[in-house]
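Open the model in a viewer and keep the sequence panel beside it. The stops below are meant to be selected one after another.

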Amino acid sequence: MKALQIHAGPRALARLRRGALQPADVRVIPAAAGGPKGLVLNRLDRYVFGDWLPRGGHTVHLLGASIGAWRMAVACLPDADGALAQMAEDYIDQRYEHAPGKPPTAVQVSAGFGAKLADVLGGDATAQLLSRPRHRLHVFTSHGRQLLAREGRGRTALGYGGAWIANAVSRRWLGGWLERVVFSDPREALPFALDDFRTQRVALGAANLQPAVLASCSIPFWLQAVHDIPGAPRGAHWDGGITDCHLHLNYAAMGQGVVLYPHFQSTVVPGWLDKVWRRRHRATPALDNVIVLSPRPEWVATLPGGKLPDRSDFHRFGDDLAARRAAWGAAVSEGQRLADEFVQWVGGTGGAWHVHAL
């Protein structure tokens with residue numbers, strides 16, 4: 001493999017030693033926050049959801065935070081391959097009206113992105129997504145408490161300062177400022193408990209699908225919080241990645257099957273505020289049954305700019321949409337290598353495959 005690397009927890013590794021991974025093995029697929037970084041996974045997503053996974057004929061839980069929530073919602077549409085391809089185009093083409101020489105405001109970005117979600121997930125698409133017979137969608141948001149219960153310029157800044165300090169002491173202390181809210185398909189609960197962090201569960205339905213996905217993607221200060229989502233705790237809901245950046249959950253509590261995790265890096269970081277704490281990036285027993293698919297660093301170095309697309313590109317390219325589109329489009333196209341190598345891996349072709357311990 002030149003582009004794809006595979007890491008597996010002990011239980012997942014034991015399963016892989018018995019033979020090639022099968023669609024029927026997969027019970028859960030998480031999708032991380034990370035903004036444009038997720039674009040590199042688009043071709044892999046299209047193959048997994050559009051071709052490979054449907055062969056399993058069983059229920060699969062799709063979990064997403066931030067762009068991961070958007071990816072997983074789109075993957076639940078009947079034509080997953082086409083919908084995911086369109087999602088990449090929509091993400092690359094993002095452009096928001098703004099004053100010359102200034103970045104778009106949070107109001108402008110939220111309005112533009114909300115309109116796009118309404119186009120993609122509105123109308124018949126809502127019913128189609130919520131009725132998919134073998135897909136169960138779970139959208140993660142971060143619900144504000146104390147100063148973060150409502151959005152406001154001063155209180156939001158102070159609230160996130162308090163959240164940062166609390167999280168530095170203990171991730172559980174973060175729950176005093178922000179709690180995890182999971183909007184879940186009511187037909188079937190997640191196959192493991194969410195008892196690692198302060199959590200509330202809400203039934204996902206037609207009235208809250210779009211606002212939940214919008215909230216899950218609402219990066220503080222970049223977009224507005226979404227307030228008072230139908231059926232959910234009242235108040236401000238922000239990006240699900242704040243509490244669950246990479247969805248480091250207790251997957252090992254599942255009774256059967258494995259977790260297949262297409263990711264843009266090999267480590268699974270619990271929350272966005274944990275990025276600076278390297279000790280929190282280590283694998284834990286919760287990931288024993290997880291298989292992480294991620295790009296090799298040396299392959300990433302061959303992409304435009306020698307890196308994955310990221311939010312800094314909005315500043316780097318400014319209003320030069322054509323240049324940003326070219327760079328991000330090239331990253332999406334090159335991501336076909338990840339998909340091709342996954343096909344070879346699950347098909348048992350292409351020679352010996354090395355799976356790293358997670």
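The tour goes through helix pairs, cores, loop residues and two buried positions. The model is a predicted one.

**Stop 1: H2 and H4**

Select residues 42–52, helix H2, together with residues 80–92, helix H4. The two axes come within 8 Å and cross at roughly 165 degrees. Angles over 145 degrees count as roughly antiparallel, and H2 and H4 therefore run roughly antiparallel to each other. H2 passes H4 in a right-handed crossing.

Now show the side chains at the contact. On the H2 side they belong to Asn 42, Asp 45, Arg 46, Phe 49 and Gly 50, and on the H4 side to Ala 80, Asp 81, Leu 84, Ala 85 and Ala 88. By class, the residues of this contact are 5 nonpolar, 2 polar and 3 charged.

**Stop 2: Val 48**

Stay in helix H2 and pick Val 48. Is Val 48 buried or exposed? Its relative accessible area is 1%, so Val 48 is buried. Leaving aside residues up to four places away in sequence, Val 48 touches Ile 29, Leu 53, Pro 54 and Phe 342. For a sense of scale, draw a distance from the C-alpha of Val 48 to that of Ala 118: the two are 70 residues apart in sequence and 25 Å apart in space.

**Stop 3: the nonpolar cores**

Which residues have the most contacts inside the largest nonpolar core? They are Phe 49, Trp 52, Leu 137, Tyr 251, Ile 291, Phe 342 and Trp 345, in a core of 99 residues. Phe 49 was also part of the H2 contact with H4, and Phe 342 was among the residues touched by Val 48.

Select Trp 52 next. With residues up to four places away in sequence not counted, Trp 52 touches Leu 21, Gln 22, Pro 23, Val 26, Tyr 47, Leu 260, Phe 342 and Val 346. Apart from the largest core lies another one, of 13 residues; Ala 166, Leu 174, Trp 177 and Leu 178 are among them.

**Stop 4: Ser 66 and H3**

Move to the loop between strand E3 (60–65) and H3, where Ser 66 is found. Most residues other than glycine have a negative phi. Ser 66 has a positive phi, near 60 degrees. Ser 66 counts as buried because its relative accessibility is 5%.

Then select residues 67–75, helix H3. How many residues of H3 are buried? The count is 9 of the 9, so H3 is largely enclosed by the rest of the structure. The buried residues include Arg 71, along with Trp 70 and Met 72.

Add H4 back to the view. The axes of H3 and H4 come within 8 Å and cross at roughly 145 degrees, and the crossing is right-handed. From H3, the contact takes Ile 67, Trp 70, Arg 71, Val 74 and Ala 75; from H4, it takes Ala 80, Ala 83, Leu 84, Met 87, Asp 90 and Tyr 91. The contact of H3 with H4 divides into 9 nonpolar, no polar and 2 charged residues. Ala 80 and Leu 84 of H4 also appear in the contact with H2.

**Stop 5: H5 and H9**

Select helix H5, residues 106–121, and helix H9, residues 209–216. Their axes come within 10 Å and cross at roughly 135 degrees, which means that H5 is oblique to H9. The crossing is right-handed.

At the contact, Ser 110, Phe 113, Gly 114, Leu 117, Ala 118 and Leu 121 of H5 meet Leu 209, Gln 210, Val 213 and Leu 214 of H9. These residues divide into 7 nonpolar, 3 polar and no charged.

**Stop 6: Phe 221**

Continue along the chain from H9 into the loop leading to strand E7 (226–227), and pick Phe 221. Phi of Phe 221 is positive, near 75 degrees. Phe 221 counts as exposed because its relative accessibility is 54%. Ser 66, the earlier residue with positive phi, is buried.

**Stop 7: His 237**

Finish in strand E8, residues 236–239, at His 237. The relative accessible area of His 237 is 0%, so this residue is buried. With residues up to four places away in sequence left out, His 237 touches Thr 141, Ser 142, His 143, Val 181, Phe 183, Ala 215, Ala 225, Val 226, Ile 229 and Ala 232. A last distance links this stop to H9: the C-alpha atoms of His 237 and Leu 214, 23 residues apart along the chain, are separated by 9.3 Å.

Key:
Residues numbered from 1 in each chain as written. Predicted model: local features only at pLDDT ≥ 70, side-chain atom pairs only at ≥ 80, totals over all residues. Heavy atoms only, no water. Axes fitted to C-alpha atoms, helices over the stretch in contact; angles between N-to-C directions. Helix = DSSP H or I, 4+ residues; strand = E, 2+ residues; numbered from the N terminus. Parallel < 35°, antiparallel > 145°, perpendicular 65-115°, else oblique. Left-handed = near helix turned anticlockwise from the far one by under 90°. Contact = heavy atoms within 4.5 Å. Nonpolar A, V, L, I, M, F, W, Y, C, P; charged D, E, K, R; others polar. Core = buried A, V, L, I, M, F, W, Y, C linked by side-chain atoms within 4.5 Å. Buried < 20%, exposed > 50% of the residue type's maximum accessible area, 1.4 Å probe, protein only.
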